[in-house]
Amino acid sequence: MMMDSLSISKSPMLGDGMTFHPGPLCGELDVPGDKSISHRALIAGAFGGALLRITNLNPGRDVRATREALIALGVRIAADGRETTVRGGALREPAGVLDCMNSGSTARMLLGVCAGAGVHAGFDGDRSLRQRPMEPVAAQLRAFGARIDTTEGHLPVKCRGTPEIQTRRFILLSPSAQVKSALLFAGLFAGVPVRVDGDRGSRAHTERLLRYLGLAVEWDGRSITLAPGSGRQSRESRIEVAGDFSAAAFFITAAAVTPRSSIVIRRAGVNPTRTGLLDVLREMGARIELRNERSVSGEPVADIGVTYAPLHATAVGPELALRAIDEIPLIAIAAAFADGSTTISGIGELRTKESDRIAAIERLLQAVSIEAQVQTAGLTIRGGKPSPPQATIATDDDHRIAMAGAVLGCAAGPLTIDSGQSVDVSFPGFAQALETLQSERV
Ligand code: S3P
C-alpha cells in the first residue's frame, strides 16, 4: 500500500463541512453491521426471557436510539465492545418519552412492539423525524386494537398498548418494511398469530430473523404469516449481523463510476430484497462479482468485487426501485456517468425519507452540471461528463445524501458538502474507510 496526499479534507471555512477529492478506489474493506438487521436483532432479543448474544451490531446513532429506547422499556442490554447481550422479559412503561432521534425504524417498529405488549409509551424524535409520516403505521396498529394519537400524523405520538386484539389480518397499506415489521412485532409481543398481505417484496429481514430464532414464520414476498408461541424463548441464541449492504453500496457505486478502481467488500449482506442496486449496475454494464457466498445467521452474505467499466443508461421500475430504496441516490449518480438517459420510477416514498431525497438528488446532479427532469415520483437523468461543483452542496443532515456526495466526489470532485456529521447515523468511520481505499494502489 502506498499513501497519497489525503483525499478527504475538512473544509476550514465550513465547521463540519467536508471535501472529497477525485481518485480511484482500490483494495479490500469490511463495512459495519447492517442497520436494519441490528434494530430487529435488539427487538427480537427483547422478546421472551432467554439471552440473545449479538455480534457486529451496527455502531451508528439510529441503532443506539433503538437500544436506549428498549432499555427505557425495561430490557437488559449490555455491550462489551465485540458482543451485545440482550435479555428480554415483560416490558414496562418507560419513565419518559422514548427519543427515537433520527430513526424512522426505531419509531415505527417500537410502536408495533408497544402496541403488542400492551405498554403505554410516548415517542418523539429530532426535527427531521418529526416531519416523517407516522400515520401509515399508526392506522394499521389502531386496527390491531391499539390507541395511538399522533400529532397531525407525525411525532410526538402516544401509544396506549392493545388490551384486546382486534384485527390479526392486515393488508399492508404502504410498501414499507418498517410498517410490515411493526405489525409482525405487534403480533409477536401480543402472542397472537398475524397475517400480513399486500407486501411488494420489501426487505425480509424480520421474517428471516424470526425464523432463524425458531419462530414459525412463512412468507412468499407477498404474504407473511407469523404464529408465535413456539420458538426461542427458553434457549440462549446468537446472531452475527451481516455487513450492511447499504453501506457497501457507496463503495460499490464509487468503484463502478471511477476509472481505474477495483475493490472487494468482504462479508456484505446480499439479501435479494436489498440488492436492487447490483441488478441495476450490472444492467448498466458494471463489472460486479459475488464471491464466497454463504449464510450468516439466516442472511445471505458474500464478498462483493467491483471493477470499473464504462456504463450505459437503463430504466428502473417500481419493483426494482423498492429493492434499492435506500440506494436511489447512488443509482442517480451512476446514471450521471452513463451513456444515454436513465429513468427511475415509483420512488415517491423518497420525498419522506431523512430528507426529500428526490430534491437532494436534483441538487447533487445540478451541482455537477448534469441534467435531470424531476417528476413527483420519478426522475430522468441524462448522463454525460459530470464536472467539479463550484459551490458547497447542502445535505439537509441526511446521512445517505452526505455519503452520496462523497461518491460523486470520487469521480467528479473536488466536491464539498456542508456537513459530514450525519453519517454517524449509520456509518461512523465512513470518511476514513473511503480514504483508505483511495490511498491504496494495486
Ligand atoms: C427500512 C425500511 C425502509 C428503508 C429504511 C430501513 C427497514 O424504509 O428506507 O432505511 O429497516 O425496514 P420503509 O419501510 O419506510 O420503506
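In strand S14, Thr-225 is the bridge partner of Arg-195, and this pairing offers a way into the strand arrangement of what is a predicted model. The strands to which the two residues belong, S12 and S14, run antiparallel and are joined by 3 bridges. The points below begin with strand S12 and its partners, and then turn to a sheet of 4 strands.

**Strand S12 and its partners**

- Strand S14 covers residues 224–227 and is linked to S12 in the antiparallel sense, with Arg-195 and Thr-225 forming one of the bridge pairs.
- Strand S12, made up of residues 194–197, also pairs with strand S11, residues 169–171, and here the sense is parallel, over 3 bridges.
- Within that parallel pairing, Ile-171 has Asp-197 of S12 as its bridge partner.
- Helix H5, which spans residues 177–190, combines with S11 and S12 in a β-α-β unit that is right-handed.

**The open sheet of 4 strands**

- The sheet is open, its pairing is mixed, and its strands follow the order S5-S6-S4-S15.
- Strand S5 (76–79) and strand S15 (237–240) each have a single partner strand and stand at the edges, so one side of each is left without a neighbour in the sheet.
- From one strand to the next, the twist averages 20°.

**The pairing of S4 with S15**

- Strand S4, residues 51–55, pairs with S15 in the parallel sense, and 4 bridges make up this pairing.
- Thr-55 stands opposite Glu-240, a residue of S15.

How values were computed: Residues are numbered from 1 along each chain as its sequence is written. This is a predicted model: local features need pLDDT of at least 70, side-chain atom pairs count only at pLDDT 80 or more; totals for chains, interfaces and linings use all residues. Side-chain values use heavy atoms; hydrogens and water are left out. Two strands pair if DSSP finds at least two bridges between them. A crossover is right-handed if, with the strands pointing away from the viewer, the path from the first strand over the helix to the second runs clockwise. Axes are lines fitted to C-alpha atoms, for helices over the stretch in contact, and angles run from 0 to 180 degrees between N-to-C directions.
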